[in-house]
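Okay, everyone, thanks for coming. I've got one structure to walk you through today, so let's put it up on the screen.

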Amino acid sequence: IQNHQAQLAVTGGRGGPWTLQRDEDELLVRGPETVFGWWFGGWFDDDRSVVLTLPSELQGLDASFTLSAGSLDVTGRFGELDTELSAGDLTISGSASSLDADVSAGSADILLDGVREADFAVSAGDLTVELTGAAPSETSIDVSAGGLDLSVPAGEYNITQNVSAGTLDNRLDHSSSSRNSIDVTLSAGTV
């Protein structure tokens, strides 16, 4: 990131400072770390708001968001977009060329346009995704517990599935000759 101004604004709440650091071509935003973790450090800080504003010249760059607890709302246009949710609530909207979403617990809602490749992993919690625009060419789904509610653009898909337990509700048009593939592995939970 070169000569662009990013702004970090923190309002409300208690606790330590938030930091915005540059590490070569990455911007790193970190919340306060406390000795006793979330129980004493942030349990009652519901009124805290943190807003990162990036210049419009950075639209279309790759981004990675990791949320261990709390709530994160993201809006933007991205290249490759990686998300990792350990707990809490994650909401993402905008566009991306590719999406990798990993939910260990908590709840995530994602609405993106233009995704060509998507990879979803849910080990617990709930992931709701709506992809718009052209049909993604490659989609991989791995749910070991919890649930994934995925909406993709209309069209035919080459669907492969390995379901050992749980429920797969597939309402898509299937064609083994389609260039758009969806691979589903379901150990438990729902897709």
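I'll start with the overall makeup, then go to the sheet, and finish on the surface.

First off, keep in mind that this is a predicted model. The protein chain has one helix and 17 strands. Of its 191 residues, 25% count as buried. If you take the contacts with a separation of 6 or more, 24% of them come from residues 24 or more positions apart.

Now, the sheet. How are its eight strands ordered? Reading across, you get β5-β7-β9-β11-β13-β17-β15-β16, and this is an open sheet with parallel pairing. The edges are β5, residues 63-67, and β16, residues 173-174. Each of those has a single partner strand, so one side of each is left without a neighbour in the sheet. As a quick reminder, strands in a sheet pair through backbone hydrogen bonds, parallel or antiparallel.

Let's zoom in on one pair. β15 covers residues 156-163 and β17 covers residues 181-186; they run parallel, joined by six bridges. If you want a spot to click on, try T160: its bridge partner in β17 is D183.

Okay, over to the surface. The protein chain exposes about 11,300 Å², and carbon and sulfur atoms supply 46% of that. There's a nonpolar patch out there too, formed by L20, V29, L52 and L54, with about 280 Å² of accessible area together. So where does L54 lie? It's in the loop between β4, residues 49-53, and β5. L54 is partly exposed, with a relative accessible area of 42%.

That's my tour, thanks!

Technical notes: Residues numbered from 1 in each chain as written. Predicted model: local features only at pLDDT ≥ 70, side-chain atom pairs only at ≥ 80, totals over all residues. Heavy atoms only, no water. Pairing = 2+ DSSP bridges. Helix = DSSP H or I, 4+ residues; strand = E, 2+ residues; numbered from the N terminus. Buried < 20%, exposed > 50% of the residue type's maximum accessible area, 1.4 Å probe, protein only. Contact = heavy atoms within 4.5 Å. Areas by Shrake-Rupley, 256 points an atom, 1.4 Å probe, with all protein chains shown as cover. Patch = residues over 30% accessible without salt bridge, like charges linked within 9 Å, V, L, I, M, F, W, Y side chains within 5 Å. Salt bridge = Lys/Arg side-chain N within 4 Å of Asp/Glu carboxyl O.
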